[in-house]
Amino acid sequence: MENSRFVAIEGRVISITYPGADEAPMVRVNVQRDEGLLTLVFQSRTTLEAIEIGQWLRAQGNVVTVHGVPTIFNPRYTIEGHG
């Protein structure tokens, strides 16, 4: 991982990955932005009730690069609706 920096992003949710039975509790949400793909990682979670594919959201947090993909762990977010 690279050094982190604080960012505020917005984009559309294009996929959500839930952990399998033998995996660590961690939900991944891929967000498509004008600048490209970004992954939001919600640690210690096995479900997300509020976020759905197709929603437009804003998120804030420290972004790091994990396996070449910008990633924010445990972001603050607001749902802006379907767009």
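**Group meeting: an all-strand model and two of its buried polar residues**

Okay, let's start with overall dimensions. For 83 residues, a compact globule would be expected to have a radius of gyration near 12 Å, and this protein comes in at 12 Å, so the two agree. Keep in mind that what you're looking at is a predicted model. If you'd rather think in terms of a box, the C-alpha trace spans about 35 × 30 × 20 Å along its principal axes.

Now, what's it built from? There are six strands and zero helices. Reading from the N terminus, the order is simply β-β-β-β-β-β. On contacts: take the pairs at least 6 apart in sequence, and 51% of those contacts join residues at least 24 apart.

Surface next. Of the 83 residues, 36% count as buried. The accessible surface comes to about 5200 Å², and carbon and sulfur atoms account for 46% of that. For the electrostatics people, we've got 7 positive and 9 negative charges, and their mean positions sit 5 Å apart.

Right, let's zoom in. I picked two polar residues, and I'll start with Asn 30. Where is it? Asn 30 is in strand E2, which covers residues 26-33. Is Asn 30 buried or exposed? The cut-off for buried is under 20% relative accessible area, and Asn 30 has 19%, so it counts as buried. And what does its side chain do? The Asn 30 side chain makes a polar contact with the side chain of Ser 15, at 2.9 Å. Ser 15 also turns up in the contact list for Asn 30, once you skip residues up to four places away in sequence; the others there are Arg 12, Val 13, Ile 14, Leu 37, Leu 38 and Thr 39.

Second one: Thr 71. This residue is in strand E5, residues 69-73. Its relative accessibility is 4%, so Thr 71 is classed as buried too. Which backbone atom does the Thr 71 side chain pair up with? That would be the backbone oxygen of Val 69, which lies 2.9 Å from a polar atom of the Thr 71 side chain. Leaving out neighbours within four places in sequence, Thr 71 is in contact with Thr 39, Val 41, Asn 62, Val 63, Val 64 and Val 66.

One last thing to look for on the screen: Thr 39. You'll find it among the contacts of Asn 30, and among those of Thr 71 as well. If you want a spot to click on first, I'd go there. That's me done, thanks.

Definitions and conventions. Residues are numbered from 1 along each chain as its sequence is written. This is a predicted model: local features need pLDDT of at least 70, side-chain atom pairs count only at pLDDT 80 or more; totals for chains, interfaces and linings use all residues. Side-chain values use heavy atoms; hydrogens and water are left out. Helices (H or I, at least four residues) and strands (E, at least two) are DSSP runs, numbered from the N terminus. Buried means under 20% relative accessible area, exposed over 50%, partly exposed in between (1.4 Å probe, protein chains only). A polar contact is a pair of N or O atoms within 3.5 Å; within protein, one must be able to donate a hydrogen and the other to accept it, and residues adjacent in sequence count only if both atoms are side-chain atoms. Contact means heavy atoms within 4.5 Å. The radius of gyration is taken over C-alpha atoms; the globule rule is 2.2 Å times the number of residues to the power 0.38. Accessible areas come from the Shrake-Rupley method with a 1.4 Å probe; for residues, only the protein chains shown count as cover. Lys and Arg count as positive and Asp and Glu as negative; His and the chain ends are not counted. The place of a charge is taken as NZ of Lys, CZ of Arg, CG of Asp or CD of Glu.
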